[in-house]
Amino acid sequence: MPDVTVKRKRPLWYNLNLFNLPVPAVVSILHRGSGALLFVLTFVLLYFLDRSLASPDAFEGVRQALSHPFMKLVQLGLLWALLHHLLAGIRYLLLDVHVGVDLASARASSYIVLAVSLALTLVLGGVLLW
Amino acid sequence: MVNRVVVGAHYGLRGWLAQRFSAVFMALYIVLFLVAMVAVRPAGFEAWSALMSQGWMRVATLLFFASLILHAWVGMRDILMDYIKPTGLRLGLEVGVILVLAVYAAWAAQILWR
């Protein structure tokens, strides 16, 4: 008869590095990260909105600043953050009303969010920035 | 499955609802704004400021920023509650977020009705 109490006292040690990050978790953490980024960058958005509506000269200044190649790359990054947050948010709203909650569709919709936000970033970025 | 009866303390239900309703409003505004930008492509200052000083555009944009502030508050509070364990530090950061959002609100109103 094996002694169960000894077995129970054994320390449990989980190597958390062995757990992989499933796609829905990737979408989730990117949703959080992009949200925090958008909170901070609302300051920049308000600054440029303010300048662009202040006077024709200030508008020209904003246009020049935003058309610099480096600033265009920054805007592309921001556009991605916004689109990812928007699409992942729509996914969460659907999950809230119990649409696509089973594992297969939750995984599929995660891939869709990742792919469509990237594709839309390139399309909209191309149309609006170049 | 938690079958919680929502009476008395509201268990974050109001914040949860505000986050979702503000999200829906912002999503509609952003999509309409992007469609307008691609379709109209306001060429210079005149066209841009004419578009932004329309009565409906001012109201819609102000509501957008109001939604953003509600939404960002719930989201930032969630983040701070998850990662910042010392109560004093978390409280300080929450007050900081509220102050930043108050500045955003005043600034947005000032920009739209200059």
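## How chains A and B meet

Chain B comes out with an average pLDDT of 91, and 94% of its residues score at least 70. This is a predicted model, and for the complex the predictor reports an ipTM of 0.88 along with a pTM of 0.86. Within chain B, helix α4 (residues 87-112) has the highest mean pLDDT of the elements, 97, while helix α1 (residues 13-40) has the lowest, 90.

Now for the interface. On the chain A side, 27 residues are in contact with 32 residues of chain B. Putting the two chains together buries about 2700 Å², and carbon and sulfur atoms give 75% of that area. Within chain A, the residues that lose the most area to chain B are R32(A), F39(A) and L53(A), which together make up 27% of what that side buries.

There's polar chemistry here too: ten residue pairs are in polar contact between chain A and chain B, counting pairs with both residues at pLDDT 80 or more. Which parts of chain A touch chain B? Helices α2 (23-54), α3 (56-66), α4 and α5 of chain A each give two or more residues to that side. The largest share, 15 residues, comes from α2(A). Sorted by class, the chain A side has 19 nonpolar, four polar and four charged residues.

On to the salt bridges. Side chains of opposite charge can pair when their charged atoms come close. Over all chains, the search turns up five salt bridges, and three salt bridges cross the interface of chain A and chain B. Here are some of the pairs:

| Pair | Closest N to O distance |
|---|---|
| R20(B) and D96(A) | 2.4 Å |
| D50(A) and R114(B) | 2.7 Å |
| R32(A) and D82(B) | 2.8 Å |
| R51(A) and D50(A) | 3.6 Å |

Take R32(A) and D82(B): this pair runs from helix α2 of chain A to helix α3 (residues 55-83) of chain B. R32(A) is partly exposed, with a relative accessible area of 24%, and D82(B) is partly exposed as well, at 40%.

D50(A) is worth a look, as D50(A), R51(A) and R114(B) are linked in a network of salt bridges. Is D50(A) buried or exposed? D50(A) counts as buried because its relative accessibility is 10%, under the 20% cut-off. R51(A) is partly exposed at 30%, and R114(B) is partly exposed at 49%. D50(A) sits in helix α2 of chain A and R114(B) in the segment after α4 of chain B, so this pair joins two chains.

One last oddity is H98(A), which has a positive phi of about 65° although it is not a glycine. H98(A) lies in the loop between α4 (69-96) and α5 (103-129) of chain A, and counts as exposed at 65% relative accessibility.

Terms used. Residues are numbered from 1 along each chain as its sequence is written. Chains are lettered from A and ligands numbered from 1 in the order in which they are written. Side-chain values use heavy atoms; hydrogens and water are left out. Helices (H or I, at least four residues) and strands (E, at least two) are DSSP runs, numbered from the N terminus. Buried means under 20% relative accessible area, exposed over 50%, partly exposed in between (1.4 Å probe, protein chains only). Contact means heavy atoms within 4.5 Å. Buried area is the accessible area (1.4 Å probe) that two parts lose on being put together, summed over both. A salt bridge is a side-chain nitrogen of Lys or Arg within 4 Å of a carboxyl oxygen of Asp or Glu. A polar contact is a pair of N or O atoms within 3.5 Å; within protein, one must be able to donate a hydrogen and the other to accept it, and residues adjacent in sequence count only if both atoms are side-chain atoms. Ala, Val, Leu, Ile, Met, Phe, Trp, Tyr, Cys and Pro count as nonpolar, Asp, Glu, Lys and Arg as charged, and the others, Gly among them, as polar. pLDDT is the predictor's confidence in each residue, from 0 to 100.
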